[in-house]
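Here are some short exercises to try while you look at a protein model. Have a go at each task first, then read through the solution step by step.

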Amino acid sequence: MTTFLLALLVSCNSDTNRIISKKPNVLLIVADDAGFSDISSYGGEIPTPNIDSLAQTGILFTDFHVAPNCAPTRAAMLSGMDNHLAGLGTMSELITENQKGKPGYEGHLSFNVLSLPEVLSHSGYNTYMAGKWHLGAKTKAMRPHGRGFKRTFAMLAGGASHWSDNTPLIPGKASPYTVNGALIKELPSEFYSSKNYTDSIISFIDADRNDGKPFFAYLAFTAPHNPLHAPQEYIAKYKDKYNNGWEDVAQERLERMKALGIISQNQSAYPYPKWLKKWDDLTEEQQASRAKDLEVYASMFVYMYMCIGRLISYLKSNNLYENTTIVFISDNGASKTTIMDYASLGGEVEEHLKSFDNSIANKGLPNSATDIGPAWAWASNTPFRLTKGYPTEGGMRVPCVIKMPENFNVTPRKASGFAYVSDLMPTILEVTKTDYPPGMDSENKLPMQGLSLLPQIENSNHTLKERSFGFEIYGMTTYRKGKWKINKLPVPYGTNEWQLYNLENDISEQVNLANQHPEKLKELIEEYAIYAKNNGVIVPYKPVGYAKPPKENSY
């Protein structure tokens with residue numbers, strides 16, 4: 001622990017009169033598996049004041065999309081590319097035999113693309129990263145310190161215990177941490193993920209506070225990704241908050257979303273899936289257990305937003321806030337994946353699960369491992385169809401709030417235009433006036449595909465051209481063009497056939513218009529085929545991951 005602290009902590013400088021750099025700082029904050037309606041600005045009941053305050057002074061996007069799983073989202077975000085061209089055509093843990101060794105399925109952030117920290121670092125920025133990486137771990141060159149970050153404290157895997165025990169999600173699959181590229185043996189005894197990631201970013205910024213350089217800081221929380229963990233005093237605040245069940249929570253959120261103008265009054269929510277148990281069909285003990293799970297989940301949010309508040313307070317007290325662009329997103333929709341699902345990937349389900357104390361009293365505390373499950377995930381993604389892992393609105397449409405530097409004179413508002421996570425890199429480069437490619441070794445590097453959102457941010461009357469967007473994962477596909485969208489998903493999530501939706505009237509993808517508009521369906525199918533060819537999509541040879549049928553009567 002001593003070695004860890006010496007490597008991580010830096011001395012503070014009391015001089016708070018730092019001259020603000022001419023170039024703006026950038027703070028990119030990513031929540032892990034947060035649902036669209038989990039944020040109070042988007043209709044949630046969980047208090048998220050620090051995100052709300054950013055939204056009140058910036059832009060709140062209502063049609064912002066990511067990939068439906070974490071690693072593909074992060075690859076697109078940090079490269080400005082389609083995730084296939086960035087090396088993460090699928091999750092590295094779920095690459096199939098026909099995808100292994102093929103371009104686009106390297107399982108790490110491709111060396112054929114320039115990363116955002118590489119470009120900003122070359123342009124004079126200090127670059128910092130703390131939290132979840134999940135973009136390659138086998139070699140130092142794949143890790144964040146090898147991809148352009150100057151100071152790092154990174155969890156290389158996709159998830160683990162939020163406490164110091166660092167118990168992995170998948171039995172036998174370690175969740176290593178690195179400091180500046182070097183593996184560390186253990187975490188400090190008082191470790192809790194959200195706290196230590198935030199502490200790290202603050203210490204990194206403070207270490208270079210007087211060198212005159214702007215900074216790019218990437219704070220990649222692992223909250224609220226399961227296993228669900230939170231400090232006891234935070235969990236206690238939500239006791240009995242969710243005893244009425246997921247249907248009531250979803251309905252209340254839907255009403256608030258309409259009142260806030262997040263969705264229009266004529267929109268309806270995606271119905272509760274038939275393959276899930278209803279709340280009233282659970283026993284009292286099951287209800288108590290599942291209610292406790294969402295109490296812990298909410299507590300993780302509240303603690304995370306407290307940490308964001310600490311970081312914002314640090315920036316303000318050091319005259320850095322006004323000149324900092326702050327971006328907050330979730331990496332995908334809320335997750336229906338259970339602890340048992342993760343355990344099954346390691347082949348030691350029973351032994352793994354028996355090692356935890358998942359009694360109601362211990363849920364959320366050390367030596368517990370639980371999840372929100374598919375029913376609460378449905379409520380968290382209200383009003384959208386399905387969850388993390390699916391190329392539907394519930395898997396891909398997420399909260400996004402952007403606060404601009406003071407000199408941009410942005411009018412705070414909601415932005416309803418379509419945006420995708422690969423747009424963040426070109427947006428940040430335009431805001432920071434950073435050339436791409438910069439004057440660095442960019443030979444054989446692919447150009448960015450994303451589009452800068454700055455025109456939409458600066459001008460409320462800016463009209464976006466009709467955006468086209470394609471995506472594939474686990475053999476499930478989607479393509480969007482303006483208000484029109486097609487999906488092809490297996491039963492029971494879809495019909496195994498292409499379905500056509502008009503999102504302008506049907507945001508929850510309930511009314512299949514394929515028979516009414518066959519020419520539009522044909523047009524989008526043909527354009528999807530072009531997308532798939534241009535981006536090297538390889539469909540898995542068998543159902544994998546989220547494409548597999550759900551367990552009967554799950555909840």
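**Exercise 1. Find I372 in this predicted model and work out whether I372 is buried or exposed.**

Solution.
- Step 1: Locate the residue. I372 sits in the loop between α10 (349-354) and α11 (373-380).
- Step 2: Check its accessibility. The cut-off for buried is under 20% relative accessible area. I372 has 5% relative accessibility, so I372 counts as buried.
- Step 3: Look at what surrounds it. Skipping neighbours within four places in sequence, I372 is in contact with L228, R290, D293, L294, Y297, A334, S335, A377 and S380.
- Step 4: Try a distance. I372 and E233 are 139 residues apart in sequence, and their C-alpha atoms are 20 Å apart in space.

**Exercise 2. Stay in the loop between α10 and α11 and describe N367, then do the same for L386 in the loop between α11 and α12.**

Solution.
- Step 1: Start with the backbone of N367. Its phi is near 70 degrees, a positive value in a residue other than glycine.
- Step 2: Add the accessibility. N367 comes out at 43%, so N367 counts as partly exposed.
- Step 3: Turn to L386. Here phi is near 65 degrees, again positive in a residue that isn't glycine.
- Step 4: Check how covered L386 is. With 10% relative accessibility, L386 counts as buried.

**Exercise 3. Which residues do the cis peptide bonds at P224 and P383 join?**

Solution.
- Step 1: Go to P224, in the loop between β8 (215-220) and α6 (232-236). The cis bond there joins A223 and P224, with omega about 0 degrees.
- Step 2: Go to P383, in the loop between α11 and α12 (393-396). This cis bond joins T382 and P383, with omega about 10 degrees.

**Exercise 4. What does the side chain of S299 reach, and what surrounds S299?**

Solution.
- Step 1: Place the residue. S299 belongs to helix α8 (residues 284-317).
- Step 2: Judge its cover. Relative accessibility is 0%, so S299 counts as buried.
- Step 3: Follow the side chain. The side chain of S299 reaches the backbone oxygen of Y234 at 3.1 Å.
- Step 4: List the contacts. Beyond four places in sequence, S299 is in contact with A230, Y234, I235 and Y238.

**Exercise 5. How many of the eight residues of helix α13 (residues 424-431) are buried?**

Solution.
- Step 1: Pick out the buried ones: L424, M425, P426, T427, I428, L429 and V431.
- Step 2: Draw the conclusion. Seven of the eight are buried, so α13 is largely enclosed by the rest of the structure.
- Step 3: Look just past the helix. K433 follows α13, and its phi is positive, near 55 degrees.

**Exercise 6. Zoom out: how does the radius of gyration of the protein chain fit the globule rule?**

Solution.
- Step 1: Take stock of the fold. The protein chain has 15 helices and 16 strands.
- Step 2: Set the two values side by side. The radius of gyration is 22 Å, close to the 24 Å that the globule rule gives for 555 residues, so the protein chain is as compact as a globular protein of that length.
- Step 3: Add the burial. Buried residues make up 62% of the 555 residues.
- Step 4: Finish with the contacts. Among those between residues at least 6 apart in sequence, 78% join residues at least 24 apart.

Terms used:
Residues numbered from 1 in each chain as written. Predicted model: local features only at pLDDT ≥ 70, side-chain atom pairs only at ≥ 80, totals over all residues. Heavy atoms only, no water. Helix = DSSP H or I, 4+ residues; strand = E, 2+ residues; numbered from the N terminus. Buried < 20%, exposed > 50% of the residue type's maximum accessible area, 1.4 Å probe, protein only. Polar contact = N/O pair within 3.5 Å; in protein donor to acceptor, adjacent residues only side chain to side chain. Contact = heavy atoms within 4.5 Å. Rg over C-alpha atoms; globule rule 2.2 N^0.38 Å.
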